[in-house]
Amino acid sequence: MASELLVIEGLGKTFSAPAGDVIALNNIRLKVRKGEFVTIIGPSGCGKSTLLKIVAGLDTRYTGTVLLNDKPIEGPSIEKGFIFQEPRLFPWLTVEKNIAANLSLKNPRVRQRVNELIELVRLQGFEKSYPRELSGGMAQRVSIARALLRNPDVLLLDEPFGALDAFTRTHMQEVLLDIWQRNGTTMLFVTHDLDEAVFLGERVVIMNPRPGHIRSVLPVDLPFPRKRSGTAFQEMRRLVLNEFEKVEEPLYDVGGGI
Ligand SMILES: Nc1ncnc2c1ncn2[C@@H]1O[C@H](COP(=O)(O)OP(=O)(O)O)[C@@H](O)[C@H]1O
Ligand SMILES: [Mg+2]
């Protein structure tokens, strides 16, 4: 039991809007082990970002139970690191200062931690560069390092490589797996890219919309490093794709009346 880092039971989220309520999440149930790499995949609008924001503590208005380390999530905290699709760096600060955020690099412990992180995300030599001098992949590595500064229990990544070109994305997936293997940080990774979900995840959570819910959770029982061209990988990819192609009965009528 103690190995469960994150426990989500009966989670629901409804947005109220003038045009009517939107049920963004319905009865979500998911447990994530400490150190596990879980990917979440689903079409646009199925509630992936809403789910991640709730786990991050960025949205506390939900129904149901969300526990991290056995405690209800009540707001942002150093146990959770969040990475958005865009790096969101401070343009006027160097790479190392962006990573240190509001801590002083004059503090030897901060200095040492920032050096470790620069090595971990492979940015040696770019410590004094500014965000405008970095490629998209490098900028995203800075934001990963910054999220890891206080050694969070879980990294929450919302389509972090979605804006990168295919080659950079593949490289960043390898960088992230290396970080995961060296650091042991639990990863909750949202994507709408099937290959990415299967390449990274020990389990793939498949979500569907209207209302957003978990359709199935598939274990990906392939050792790392994985080979995309391998038969086992292709077979797994097909399995996930099949889940999307199956026709699903609506959970309940959400209106429309046609
Ligand atoms: N702040 C908001 N106000 C109203 N509706 C929202 C808000 N944020 C998200 N939604 C709605 O909730 C649903 C899920 O959105 P989201 O979590 O962003 O999906 P995804 O990340 O899977 O694309 C969508 O129908 C979206 O329009
Ligand atoms: Mg989203």
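Here are some friendly questions and answers about this predicted model.

Me: Which element gives the most residues to the shell around ligand 1?
Reply: Let's start with the residues around ligand 1, which include F15, V22, A24, P43 and K48. Two elements give two or more residues to this shell, namely strand 2 (20-33) and helix 1 (48-56). The one that gives the most, with 3 residues, is helix 1.

Me: How many charged residues does the shell around ligand 1 have?
Reply: The neighbours of ligand 1 also include S44, G45, C46, G47, S49 and T50. Sorted by class, the shell has 5 nonpolar and 5 polar residues, and the number of charged ones is 1.

Me: How far is an oxygen atom of ligand 1 from an N or O atom in the side chain of S49?
Reply: It helps to look at the neighbouring contacts too. A backbone N or O atom of G47 lies 3.1 Å from an oxygen atom of ligand 1. For the side chain of K48, an N or O atom is 2.9 Å from a ligand oxygen. For the side chain of S49, the distance from an N or O atom to an oxygen of ligand 1 is 2.9 Å.

Me: What share of the area of ligand 1 does the protein bury?
Reply: Picture ligand 1 taken alone, when it exposes 560 Å². Of that area, the protein buries 60%.

Me: Why is helix 1 described as largely enclosed by the rest of the structure?
Reply: Among the buried residues of helix 1 are K48, T50, L51 and L52. I54, V55 and A56 are buried as well. Helix 1 is largely enclosed because its buried residues number 7 of the 9.

Me: Which residue follows helix 1, and what is its phi?
Reply: Just after helix 1 the chain has a residue whose phi is positive. That residue is G57, with a phi near 85°.

Me: Is R182, the salt-bridge partner of D178, buried, partly exposed or exposed?
Reply: The side chains of D178 and R182 meet in a salt bridge, at 3.2 Å from N to O. Both lie in helix 5 (residues 166-183), 4 residues apart, which is about one turn of the helix. Exposed would need over 50% relative accessible area and buried under 20%. With a value of 45%, R182 is partly exposed.

Me: Which residue of the salt bridge between E243 and K246 is buried?
Reply: The side chains of E243 and K246 meet at 2.7 Å, N to O. K246 has a relative accessible area of 47%, so it counts as partly exposed. The cut-off for buried is under 20%. At 12%, the buried residue is E243.

Me: What kind of aromatic pair do W180 and F224 form?
Reply: The pair links distant parts of the chain, with W180 in helix 5 and F224 in the loop between strand 10 (213-219) and helix 7. W180 is buried, with a relative accessible area of 8%, while F224 is partly exposed at 24%. The ring centres are 5.3 Å apart and the planes stand at 70°, so the pair is edge-to-face.

Me: Which residues do ring pairs link into a cluster?
Reply: The structure has 7 aromatic pairs by count. The W180 and F224 rings, with their centres 5.3 Å apart, form one of these pairs. The cluster consists of F37, F161, W180, F189 and F224.

Definitions and conventions
Residues are numbered from 1 along each chain as its sequence is written. Chains are lettered from A and ligands numbered from 1 in the order in which they are written. This is a predicted model: local features need pLDDT of at least 70, side-chain atom pairs count only at pLDDT 80 or more; totals for chains, interfaces and linings use all residues. Side-chain values use heavy atoms; hydrogens and water are left out. A residue is near a molecule or strand if one of its heavy atoms lies within 4 Å of it. A polar contact is a pair of N or O atoms within 3.5 Å; within protein, one must be able to donate a hydrogen and the other to accept it, and residues adjacent in sequence count only if both atoms are side-chain atoms. Accessible areas come from the Shrake-Rupley method with a 1.4 Å probe; for residues, only the protein chains shown count as cover. Ala, Val, Leu, Ile, Met, Phe, Trp, Tyr, Cys and Pro count as nonpolar, Asp, Glu, Lys and Arg as charged, and the others, Gly among them, as polar. A salt bridge is a side-chain nitrogen of Lys or Arg within 4 Å of a carboxyl oxygen of Asp or Glu. Buried means under 20% relative accessible area, exposed over 50%, partly exposed in between (1.4 Å probe, protein chains only). Rings of Phe, Tyr and Trp (its six-membered ring) pair if their centres lie within 6.5 Å; planes under 30 degrees apart count as stacked, over 60 as edge-to-face and the rest as tilted.
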